[in-house]
Every structure is written in C-alpha cells, then in structure tokens.
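User: Could you take a close look at one part of this model for me and walk me through how its pieces fit together? I am new to reading structures, so please go step by step.

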Amino acid sequence: EYSFSHLICNCTFAPNYTQMKNIVLEKAEKWTSDAFDEVTRNSVRALISENGAELTESFYKDLEFGTGGLRGIMGVGTNRINIYTVGMATQGLANYLKNSFDGPISVAIAHDSRNNSPLFARKTAEVFAASGIKAYLFSSLRPTPELSFAIRHLGCKGGVVITASHNPKEYNGYKAYWEDGGQLVAPHDKNVISEVQKIGGPQDVKWNADEEMIQLVGEEIDAAYIAGLKSLCLSPEAVKAQSDLKIVFTSLHGTGGTMVPRTLKELGFTNVETVAEQDEPNGNFPTVVSPNPEEAAALKLALEQAEKLGADLVMGTDPDADRVGIAVRNLKGELQLLNGNMTGSLLVYYLIKRWEELGKLNGKQFTAKTIVTTALIKKISESQKVPCYDVLTGFKYIAELILNLEGKEEFIGGGEESYGYLAGDLVRDKDAVLSCVLIAEMCAWAKNNGKSLYEILIDIHSEFGFYLEDLISITKKGKTGAEEIASMMEELRSNPPKNLAGSSVLTLRDYKSGKVTDLGTGNQSETGLPASNVLQFETADGTVVTARPSGTEPKIKFYFSVNSELKNRNEYETVRNELQDKIAAIQLDLGLK
C-alpha cells in the first residue's frame, strides 16, 4: 500500500544544531545594537537569555518573497514581520525601482485591518519618501484589489499592501506590486530579493521621510474604483428586476466592509444586510477562530443571520478582501456553502454566457485558471471556443498572463480554487469586491430566469460533466516542519503512486523539473510553465491529484479532482456522494486519512 503516514507522523532529522545555534546567536546579537529601538533590543536579549525554540524560529532564516510576497508571524527577528524587516524590504524595493525607471517614481500603499498594519504601511511610506519616491498612502484600510487598481489609476511604478490575507491573527505580511498592478513576478521578484539581501541592517535603511513626498488618498480612488466595478456588470436589467434580492454580507472584521456593501447598493441592490458583530475592523478577529472564508466556521454568523432573514445569498470576504466564500439555497431550500471551484465555475459560465448573448465574443478572448483549479472551467470556456490557459498557483501568474496578452487577447475572467476570482482588466489581482458584485448580479440573473444558482450549477454539471474537488492541508510549522514537507515531496518524486482508487496513474507532471512523464512508456515532454515545487498525478479515469507546499503558509497541500457523467439531474446527490467516496478512497490510498 502506498502511504505517507510514516512521513507525516514520524519524520526525524539530524541537522548540525551547533552550527545552526551559532548562526542564530550571531544574527540575534546584531539586533541588540543601537540600530534597533530599545523595546526591540530588550525583547531580543530576553530571547537570547532563554536560548529556546522561539529564538531559533525568530532568527534561523530571513523572510523571503513567496507566491504571496513577504509573510510571517509578527515579532522581533529576521524571520518575523516588524518595522525593521518591513523597512529593509521597502529599501530593497525602492532601490530596485530607482534602478529600473528614469525620472519621477511614485508608489501606492494600502493596508488591511490587522494589528500593526497601519504602522507598517506608514513606515513603508516613510522609507519610500526618504528614498525620493512619492508615496500615495491610503488614509485608512482598503481592500487589496483597490490597491492594484490605484497603481495604474495613479500612474505608479509599483505598490505595496500590508496584509497577511486570511492567515491567523499573529501573522502579517507585505505584498509588492509592479507598475501593471500585478504582484511581482520574474525577474522582478528575484531581483527585489537580491536588493533586499544587500541591505545589511536597519542602518542601511533611509528612515527620515520627506513628508512632502507622502500624499494621503482615499475617497477619490474609491469613487473611481467603484465606477470601474459597475462598468463590468453584464445584466443591469436583472439587477433592476431583482433589486430586493436578499443578501447577507460579512467582512470578517476586514476591509471588505469599506467597499462591498456600498458598491452593491450603488449597483442597485436594496436589501443588503451585514453581520453587525463582524463589521468593525479588528486585527484580533474576535468572532472567528480564523478569518478565512474557505472555512465553514468563518461564515457561521452570516449563515445564522441569513436563515433568520430568509436570504437568497451569503457572501463573506477575508481581511484584505481578495477572497470570497458564498452560500446559496440548494434544492431543499437550505443554505449550502459552495467551494472555490464551484463558485469559479459558476462565474466563468455566467461571464461567457452573457458575453455570448451580448455578442461580445469575437475569437480574441480567453479565460485563465491555476493548475490546481478544476478542469471544468476549461471545458466551459472551450465550449464557446474560448481558450483557457493554465498557470502556476498564485494569482500573480494570471496577472502576468493578462499583461503578456495585452492588446492581443481580452481577459473575460477566471480564478483559483482558493476562493479568488477576477473579471476584466480593471484590476490585476484577485478581487473579492468585484466578485461579490458579479456573484450578486449572477444570482439576480438566475432568479430572473426562474432558477437558483444551485440549479445553474446542476445545469453546468449536466452539460459539461460532474467535477468534484477536495483539499487537504497538513500544517508543519517552523524549521523542522519545512524539512518534513521537503521529505514528503521527495518521497512522492522517487516513489510515485501506481494506482489511486483503483485507477492506474498514467501521467506525472513535475513542475520543478518541468517534465511531464508518461509512466507507462517513460516518454517525456515539457510542462511549458516556470519551475515550481509541484507534483501532479493523472489517472486513466481523469482523476488528478496534486501535491504542493504552500508559498505563504507552513503547509503542504494535497488537491483532489474527480469527475463523472451526470446523465440524470435527479441523480445529482447520488453522483456527488459517489465522487465524495472516491476522493476518500484516494486519500486513504495516500495515507492521508
């Protein structure tokens, strides 16, 4: 039997602890110098005196840009988010911008509701300003997608948003953007890292800002952003006819509350209720264990309120409002949460159908998804001869694709299974504000046609095949956790599974080596994508299993996609149960259950 259970439970390592201890102490002692403030110095001295695991975790490495930028636990140390790591990252980015562009340079800066986010955003602005770069700083919290919009709207060469997205409350982060409004991609991401690594410490950071180089922005950007969102709507007549659609929205104590209710009302929806207990921005996220709309528990209060009101639609955004989770009424009239693949498939189906009905398709459009997102989106797209491109995990790669095809092909929409979606060319990052607008409009359109969104989903599965996905995340914190994850991936590479749920594994895609291997013949081809530590297995019956260490969290993720025909709509629940059982069997085969 093929199993990872021995790796998950019993990984052991023997690193050179003496060498690591000396490196950690050397790095930590630098943080007791006068280059750091007194509070920081005292905190580091306390860690050194204890000489425990927290000292190692705080200093054993430097934070690096991953698929979502700089992200980590807040605290002192090189492996923590604090004003110094934020300042050094900003100085490296500022230096790179000045090396890349001639003439005046400006950047846009935003932040979410997390603890210390306003402080980190202000320090970021000050370092840019001290470096001769004009900083447009949002006066208060704003969604990440609005930052992406602001970069191009203001003609900036880059931007930063301080956020840790949906991570737990102890985290914060730093997402860096380029002039196209997308997150950093090659070669800029590595080049910025190189510049940051040249910063020897806070003494190399320009902290003394020229205040005239910092300009606060807010309402003027809000108004332009909302106008742009409204321009992307496709069914104004449906919104008008269903203006009293009952909607419950929660921002989960984040930035979504600044834009989503307002935009929905400006669009014409008159019956939008928010979850009062979660309206107030709060970095402690007091009403949820985790502010992640991918988790059912995060939307509990919204669902309860929706049941009392008899709402048609529930929507909840994460703290920086780039992801959204939804619930709709099922065939029994019960509120049912949809996963990211379901919502993404619905959105792409709606967008393409309306584009076709409005005569906007001319053979020059495309959709996009990540390699771990359902193949159903590709089938829907290609049914209307719209190509659907696969990219690596991380929405920055969709933004890069939009940029590369600019002027040649028009982006209709797309997204990723982790609840992030985008349509049109207004923003170059996943946009939960726009997604909420389109989901509400789509719900109104469906209702105007005598159907619910759940019934539309069944229609999709009847026409294109019943695709069902699942995800297992295994958390492995710290240095030893990272080593365990590396060992698990190596085991998969050297000993791939031969069968999954009774179906032969035919193909191995190793995105790290860039090779696609036919396991029967040994023949190889190219993935055609940049190198990434991802393994993907496809079986004879079309099942796809993917293993990927997260770029932003101490996790390894396993993605599962199975499919079947839905010949009879009345068998929807039966087929879904069969597919769920198949996923469970695959997880058992891999020792993940």
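Analyst: Happy to help! Let's begin with a word we will need: contact means heavy atoms within 4.5 Å. Keep in mind, too, that this is a predicted model.

Let's look closely at helix α8, and then at what lies around it. In α8 (residues 188–197), His 188, Asp 189, Val 192, Ile 193 and Glu 195 are buried. These residues lie on the same side of the helix, because they cover an arc of only 160° around the axis. Turn to the other side of α8 and you find Lys 190 and Gln 197, which are exposed.

What do the buried residues of α8 pack against? Their partners are α5 (83–100), β5 (171–178) and α15 (395–404).

Two of these partners lead us on to a sheet. Strand β5 belongs to an open sheet of 6 strands, with mixed pairing and the order β1-β5-β4-β2-β3-β6. At its edges are β1 (70–73) and β6 (214–217), each of which pairs on one side only. From one strand to the next, the twist averages 15°.

Now follow the sheet to β6. Its partner there is β3 (residues 134–138), and the two pair in the parallel sense over 4 bridges. Within this pair, Ala 135 stands opposite Ile 214 in β6.

Helix α5, which we met as a partner of α8, packs on the sheet as well, where it touches β1, β2 (106–111), β4 (158–162) and β5. The direction of α5 makes about 5° with that of β5. Helix α7 (residues 144–153) also packs on the sheet, touching β2, β3, β4 and β5, and its direction makes about 25° with that of β5.

For a helix that packs on another helix, try α13 (residues 340–357) and α14 (residues 376–383). Their axes are 9 Å apart and they pack at an angle of about 10°. Angles under 35 degrees count as roughly parallel, so α13 and α14 are roughly parallel to each other. On the α13 side, Gly 344, Ser 345, Val 348, Tyr 349 and Ile 352 meet Leu 376, Ile 377, Ile 380 and Ser 381 of α14.

Finally, here is a single residue to find on your own. Ser 435 sits in helix α16 (residues 432–448). Buried or exposed, which is Ser 435? Ser 435 is buried, because its relative accessible area is 2%, and buried means under 20%. Leaving aside neighbours within four places in sequence, Ser 435 is in contact with Val 324 and Tyr 421. A polar atom of the Ser 435 side chain lies 3.5 Å from the backbone oxygen of Tyr 421.

Conventions. Residues numbered from 1 in each chain as written. Predicted model: local features only at pLDDT ≥ 70, side-chain atom pairs only at ≥ 80, totals over all residues. Heavy atoms only, no water. Buried < 20%, exposed > 50% of the residue type's maximum accessible area, 1.4 Å probe, protein only. Polar contact = N/O pair within 3.5 Å; in protein donor to acceptor, adjacent residues only side chain to side chain. Arc of directions from axis to C-beta. Pairing = 2+ DSSP bridges. Axes fitted to C-alpha atoms, helices over the stretch in contact; angles between N-to-C directions. Parallel < 35°, antiparallel > 145°, perpendicular 65-115°, else oblique.
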